[in-house]
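Please read the following walk through a protein model with the sequence and the coordinates at hand. The text begins with a whole chain and then turns to individual residues.

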Amino acid sequence: MARSFLLSAVLAVTLAVSGFAQRGPGRMAPPPGPGRGMALIERWSKMPPEQRERALSKLDPERRRRIEEQLNWYQNLRPEERDQLRFRADMFNRLPPDRQDVARRLFRQYNQLPLERQNIVRDEFNSLREMSPRDRRARIESSEFQEKFNPREQQFLRQFSRLLNPGPMNRPPVSGR
Amino acid sequence: MKDPMEMKENAELWKTLDLWEAPPVSEDFDRRLYRKIEEQERMSWWARFFGSARPAIPLAATACLLLVASFVSFGPDRVVTPVAEAPQVREVEQVEKALDDLDMLQQFNLVAAKDDSSRSM
């Protein structure tokens, strides 16, 4: 009798501890799927300022300032600009995750370029985007291209243009920036 | 066949035991014994249980203490707090990442203007 009572108590303790230990990760929110990012931005851009402030209160000031600026920028876009961005985001989300990560990594490299070179590289990318794949390849292999851009910039443009997505048949009016 | 040495040791043991004198049984031994048995039978089940389980009581008390301690340490309040905070932190990170993506996509339109998939680079 005493032994069974003792065993029950030990069993109860074990179950209680293991039961609570299992709760944490199992209750986490599911990972984001394609399009969730845009939905989050929409929600956050419409969030009351005090609620947003509370949500960002634990971040360091620089990070917080950057997020607030980006949200305000998004909030001030014209409806057609938002539609255009949504379309680009939708197309981007169709890329495999590893290619999305490549794009993010390349963009970080691009942001490290001097500002005046960033503008020149971006203009060149927009020009490449307008070309057919054959013309694009010819342009990248041209001596003019090789002379105009340093090896780092050439690599960025070559790799980034490989991420270009053909897109759907019916696309909204595409305005490059 | 037994070892002679062992036989000798056994004989000495028996001799020693013969020397031991058991204390005489008291005259009311039987009466006291039966009275104890009757008392046991008259006791309630819980008194009998705690009487027989007395050595296990400290262990059971420790187990109960552990149970209470586990509720205090890992109880709903303690567990729910980080769970409630985690999605908030994660959501901020997701928003940050999505905004960075938008910053990139605003500067770089990754949708090709000309669809020429038959001649890839």
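The paragraphs below take up chain A as a whole, then one residue within it, and then a group of charges on chain B.

The model is predicted, and the description starts with the secondary structure of chain A, which comprises 11 helices and 0 strands. Read from the N terminus on, its elements accordingly follow the order α-α-α-α-α-α-α-α-α-α-α. Of the 177 residues in chain A, 36% are buried, while the area that chain A exposes comes to about 10800 Å², with carbon and sulfur atoms supplying 54% of it. Among the contacts in chain A with a separation of 6 or more, 60% are accounted for by residues 24 or more positions apart.

Within this chain, A:Gln154 belongs to helix α11, which covers residues 151–162. The relative accessible area of A:Gln154 is 8%, and the residue therefore counts as buried, since the cut-off for that class is under 20%. When neighbours within four places in sequence are left aside, A:Gln154 is in contact with A:Phe145, A:Gln146 and A:Phe149.

Chain B offers a view of the surface, where B:Asp3, B:Glu6, B:Glu9 and B:Glu12 gather in a patch of negative charge. One of these residues, B:Glu6, lies in helix α1 of chain B, a helix made up of residues 4–19. Because its relative accessibility is 42%, B:Glu6 is classed as partly exposed, a class that lies between the limits of under 20% for buried and over 50% for exposed. The same value also fits the membership of B:Glu6 in the patch, for which residues need over 30% relative accessible area.

Terms used
Residues numbered from 1 in each chain as written. Chains lettered and ligands numbered in written order. Predicted model: local features only at pLDDT ≥ 70, side-chain atom pairs only at ≥ 80, totals over all residues. Heavy atoms only, no water. Helix = DSSP H or I, 4+ residues; strand = E, 2+ residues; numbered from the N terminus. Buried < 20%, exposed > 50% of the residue type's maximum accessible area, 1.4 Å probe, protein only. Contact = heavy atoms within 4.5 Å. Areas by Shrake-Rupley, 256 points an atom, 1.4 Å probe, with all protein chains shown as cover. Patch = residues over 30% accessible without salt bridge, like charges linked within 9 Å, V, L, I, M, F, W, Y side chains within 5 Å. Salt bridge = Lys/Arg side-chain N within 4 Å of Asp/Glu carboxyl O. Lys, Arg positive; Asp, Glu negative; His and termini not counted. Charge placed at Lys NZ, Arg CZ, Asp CG, Glu CD.
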